Amino acid sequence: MTPPIAANQTYDTAAIRASDAAHHWHPFSDTKALAAEGARVIVKAKGSTLWDSEGNEILDGMAGLWCVNIGYGRKELADVAAKQMMELPYYNTFFKTTTQPATKLAETLVRLTPDGLNRVFFAGSGSEANDTVVRFVRRYWQLKGQPDRMTIIGREYGYHGSTLVGASLGGMTAMHRQTNMPLPGFSHIRPPYFLRDGGNMTPDAFGMVAAQALEDRIQELGPENVAAFIAEPIQGAGGVIIPPASYFPEIQRICRKHDILFIADEVICGFGRTGNWFGSDTFDLKPDLMALAKGLSSGYQPIAAVMVGDRVANTLMEEGGEFFHGFTYSGHPVCSAVALENLRIIEDEGLVERVRDDIGPYFQKALASLADHPMVGEVRAVGLIGAIELVKDKNGPVFFEKEGAVGTRCRDHCFANNLVMRAVRDGMVVSPPLIITRAEVDRLVEIARKAINLTQTDFGL
């Protein structure tokens with residue numbers, strides 16, 4: 001592919017790296033180590049491809065950060081943003097006002113999401129959306145005369161953002177250790193991680209055992225103290241942990257039994273990633289609240305939303321009066337206009353159906369071809385999200401003693417060979433744009449195999 005860079009366009013990579021090292025604090029990075037190494041300078045993108053300042057062509061196997069669903073370089077979104085900026089670049093929705101893009105986007109999201117989610121609260125990121133979810137949940141129980149229902153149960157390896165509340169909802173222990181988290185009122189149970197914990201059980205039997213952990217924790221805390229359970233349909237940043245078919249039906253039964261709210265975090269799974277509009281469709285979930293972000297605008301503008309089910313919305317509206325919560329950029333008109341155009345493209349180009357019927361099955365089969373490698377303990381995928389779990393020995397399986405070292409090395413080999421894949425512990429996770437081609441999937445798998453081979457050599461396995 002010819003890079004979309006003018007022939008005479010050059011970049012002073014050394015100067016950019018030096019400035020970056022001196023002033024830019026990167027998220028989720030060892031800033032000292034990165035400053036010494038120097039950041040890779042990404043300058044252009046088109047489709048599923050990135051180019052850096054040195055002219056290298058890079059296949060983006062992570063769709064940015066799980067978000068660029070329609071691919072890079074869509075002029076339609078730039079045109080919509082420019083038009084909206086000239087008409088109304090910004091206005092808030094605090095002062096008894098609205099804007100046409102925000103209102104239309106809310107209407108569209110109600111149409112696309114599962115039945116019963118008829119109200120939309122806008123935010124700027126998935127972290128903000130999940131903070132908002134906590135506000136809704138706790139206010140709901142306060143209004144229902146049960147203020148002790150404060151605790152929200154999540155899962156180990158769950159990821160719901162990096163604010164204090166978002167990280168407390170999530171079950172990432174490395175985040176917790178750095179900032180004395182989780183905050184009070186948050187608890188975590190085991191995930192449905194079959195490769196690690198399934199043993200000799202069938203997947204369905206293990207799914208029931210993993211779901212029982214929710215029942216056990218509710219009883220431990222006291223049902224009168226539990227407000228909600230939050231889950232990603234597929235745990236993305238936790239390593240693409242895909243639940244057995246038996247898991248979510250039992251989880252939802254337990255939630256209904258104890259009358260606790262069920263929250264679906266669709267920040268990664270939403271907008272076609274799993275071969276349906278939402279992971280909730282794929283796993284037949286009936287959430288009371290749903291957090292959305294990332295694919296909502298394909299990352300072209302920062303925007304998020306909370307879908308609020310009728311049970312919660314009606315209580316807050318009828319009994320709650322003013323809801324003292326919101327953000328300067330809630331329902332930002334430019335972000336909303338871009339999100340609307342992004343959703344139009346997904347619908348008009350049939351990208352959800354493409355993932356379900358065409359490129360998704362092709363991707364899953366191609367990725368599964370890596371299962372014959374002696375270091376690959378499992379390949380798992382749904383739609384266009386997958387993981388390649390690296391192990392010391394397939395028999396068992398036996399995991400590596402120093403968790404993360406092998407995965408990080410494999411990730412570095414991917415980067416060096418111009419493929420962006422992410423390492424989670426010792427699993428390589430992948431989530432490409434929904435417009436990725438079959439040839440690009442083949443290239444992704446070819447580079448992934450090469451990176452695994454190089455890693456195998458590095459560790460003498």
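**Figure 1. The largest cavity and its lining.** The largest cavity encloses about 50 Å³ of space. It belongs to a predicted model, in which local features need pLDDT of at least 70, side-chain atom pairs count only at pLDDT 80 or more, and totals for chains, interfaces and linings use all residues. Residues are numbered from 1 along each chain as its sequence is written, and side-chain values use heavy atoms, with hydrogens and water left out. A cavity is a set of points, on a 1 Å grid over the protein atoms alone, where a 1.4 Å probe fits but cannot get out. Grid points are joined across faces, edges and corners, and a volume is the space filled by probe spheres set on the points. By this rule there is one cavity of 30 Å³ or more. Lining residues, which have an atom within 4 Å of a point, are Arg17, Asp20, Ala21, His24, His26, Thr31, Leu34, Ala35, Gly38 and Ala39. Helices α1 (13-23) and α2 (31-37) each supply at least two of these residues; helices (H or I, at least four residues) and strands (E, at least two) are DSSP runs, numbered from the N terminus. By class, the lining has four nonpolar, four polar and two charged residues. Here Ala, Val, Leu, Ile, Met, Phe, Trp, Tyr, Cys and Pro count as nonpolar, Asp, Glu, Lys and Arg as charged, and the others, Gly among them, as polar.

**Figure 2. The second largest pocket.** A pocket is an open set of grid points with protein on both sides within 12 Å along at least five of seven lines. The second largest pocket holds about 950 Å³ of space. Its lining comprises 28 residues, and Thr93, Val120, Phe121, Phe136 and Phe323 lie nearest the centre. Two or more lining residues come from each of α5 (100-112), β4 (117-123) and α13. The lining divides into 14 nonpolar, 10 polar and four charged residues.

**Figure 3. Helix α6 against helix α13.** The axes of α6 (residues 126-143) and α13 (residues 310-319) come within 10 Å and cross at roughly 60°. Axes are lines fitted to C-alpha atoms, for helices over the stretch in contact, and angles run from 0 to 180 degrees between N-to-C directions. The two helices are therefore oblique to each other; angles under 35 degrees count as roughly parallel, over 145 as roughly antiparallel, 65 to 115 as roughly perpendicular and the rest as oblique. The crossing of α6 and α13 is left-handed, a term for a near helix turned anticlockwise from the far one by less than a right angle, with right-handed used if clockwise. Phe136, Arg139, Tyr140, Trp141 and Leu143 of α6 make the contact with Arg311, Val312, Thr315, Leu316 and Glu319 of α13, where contact means heavy atoms within 4.5 Å. Six of the contact residues are nonpolar, one is polar and three are charged. Phe136 also appears in Figure 2, among the residues nearest the pocket centre.

**Figure 4. Helix α5 against helix α14.** Helix α5 packs on α14 (residues 333-348) at an angle of about 35°, with the axes 8 Å apart. The crossing is left-handed. From α5, Pro101, Ala102, Lys104, Leu105, Thr108, Leu109, Arg111 and Leu112 meet Pro333, Ser336, Ala337, Ala339, Leu340, Leu343 and Glu347 of α14. This contact has 10 nonpolar, two polar and three charged residues.

**Figure 5. Helix α17 against helix α18.** Helices α17 and α18 (residues 438-458) have axes 8 Å apart and pack at an angle of about 130°. They are therefore oblique to each other, and their crossing is right-handed. Val406, Arg409, Cys410, His413 and Cys414 of α17 touch Ile447, Ala451, Ile452, Leu454, Thr455 and Asp458 of α18. Seven nonpolar, two polar and two charged residues make up the contact.

**Figure 6. Backbone details in three loops.** Most residues other than glycine have a negative phi, and most peptide bonds are trans. Met181 and Pro182 are joined by a cis peptide bond with omega about 0°; Pro182 is in the loop between α8 (173-178) and β6 (186-189). A cis peptide bond also joins Gly396 and Pro397, with omega about -10°, and Pro397 lies between β12 (385-390) and α17 (405-416). Phe271, although not a glycine, has a positive phi of about 65°. Phe271 is in the loop between β8 (261-265) and α12 (279-282).
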